[in-house]
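Trainee: I would like to test some labels against their cut-offs. Can we go through one example together?

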Amino acid sequence: MLHASRLLLDACNAARRQGADFPTIWWQTIEPNPMVAGLPVQQLDGDQPVLDIPLLTGQRLRFGRDSFVLT
């Protein structure tokens, strides 16, 4: 399952590099993925807003200013 979350991360970052915005990435890549366990939740990371998407692995896919990371 960890491999699947890494594949999702890579797909999201590839879409972002190609200029896709978060709503497009959400509807086309994240929302239909079976690894996703819920809706995005807005958080603060220091003074920066981020969106955390829970995954079935217990990890979160985090979208920050420029990219996605797994937390």
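Mentor: We take the overall fold, then the aromatic pairs, then two residues of one helix. Keep in mind that this is a predicted model.

Trainee: What makes up the fold, and in which order along the sequence?

Mentor: The protein has 2 helices and 4 strands. The pattern along the sequence is α-α-β-β-β-β.

Trainee: Why is the protein called as compact as a globular protein of its length?

Mentor: Set the value against the rule. The radius of gyration is 11 Å, and the globule rule gives 11 Å for 71 residues. The two are close, so the protein is as compact as a globular protein of that length. The C-alpha trace spans about 30 × 25 × 20 Å along its principal axes.

Trainee: How much of the protein is buried, and what counts as buried?

Mentor: Buried residues are 32% of the 71. The label needs a relative accessible area under 20%. As for the surface, about 4400 Å² is accessible, and carbon and sulfur atoms hold 54% of that.

Trainee: What share of the contacts with a separation of 6 or more joins residues 24 or more positions apart?

Mentor: That share is 33%.

Trainee: How many aromatic pairs are there in the whole structure?

Mentor: The search finds 5.

Trainee: Why is the pair of Phe22 and Phe68 called stacked?

Mentor: Two tests apply. The ring centres are 6.3 Å apart, and a pair needs centres within 6.5 Å. The planes make 25 degrees, and stacked means under 30 degrees. Both tests are met, so the pair is stacked.

Trainee: What makes this pair a tie between separate parts of the chain?

Mentor: Look at where the partners sit. Phe22 belongs to helix α2 (residues 22–30), and Phe68 to strand β4 (residues 68–70). The pair therefore ties together parts 46 residues apart in sequence. Phe22 and Phe68 are both buried.

Trainee: Why is the pair of Trp26 and Trp27 called edge-to-face?

Mentor: The centres are 6.4 Å apart, within the 6.5 Å limit. The planes make 75 degrees, and edge-to-face means over 60. So this pair is edge-to-face.

Trainee: Are Trp26 and Trp27 buried or exposed, and how do you know?

Mentor: Trp26 has a relative accessible area of 8%. That is under 20%, so Trp26 is buried. Trp27 reaches 59%. That is over the 50% mark, so Trp27 is exposed.

Trainee: Which residues form the aromatic cluster?

Mentor: Phe22, Trp26, Trp27, Phe63 and Phe68 form one cluster.

Trainee: How do you know whether Ile30 is buried or exposed?

Mentor: Ile30 lies in helix α2. Its relative accessibility is 0%. The cut-off is 20%, so Ile30 counts as buried. Leaving out neighbours within four places in sequence, its contacts include Leu8, Cys12, Val36, Ile53, Leu61 and Phe68.

Trainee: Why is Thr29 called partly exposed?

Mentor: Thr29 is also found in helix α2. Its relative accessible area is 22%. Partly exposed runs between the 20% and 50% cut-offs, so the label fits. Beyond four places in sequence, Thr29 touches Leu8, Ala11, Cys12 and Thr24.

Trainee: How far apart are the C-alpha atoms of Thr29 and Ala11?

Mentor: They are separated by 7.3 Å, with their positions 18 residues apart along the chain. For Ile30 and Leu44, 14 residues apart, the C-alpha separation is 21 Å.

Key: Residues are numbered from 1 along each chain as its sequence is written. This is a predicted model: local features need pLDDT of at least 70, side-chain atom pairs count only at pLDDT 80 or more; totals for chains, interfaces and linings use all residues. Side-chain values use heavy atoms; hydrogens and water are left out. The radius of gyration is taken over C-alpha atoms; the globule rule is 2.2 Å times the number of residues to the power 0.38. Buried means under 20% relative accessible area, exposed over 50%, partly exposed in between (1.4 Å probe, protein chains only). Contact means heavy atoms within 4.5 Å. Accessible areas come from the Shrake-Rupley method with a 1.4 Å probe; for residues, only the protein chains shown count as cover. Rings of Phe, Tyr and Trp (its six-membered ring) pair if their centres lie within 6.5 Å; planes under 30 degrees apart count as stacked, over 60 as edge-to-face and the rest as tilted.
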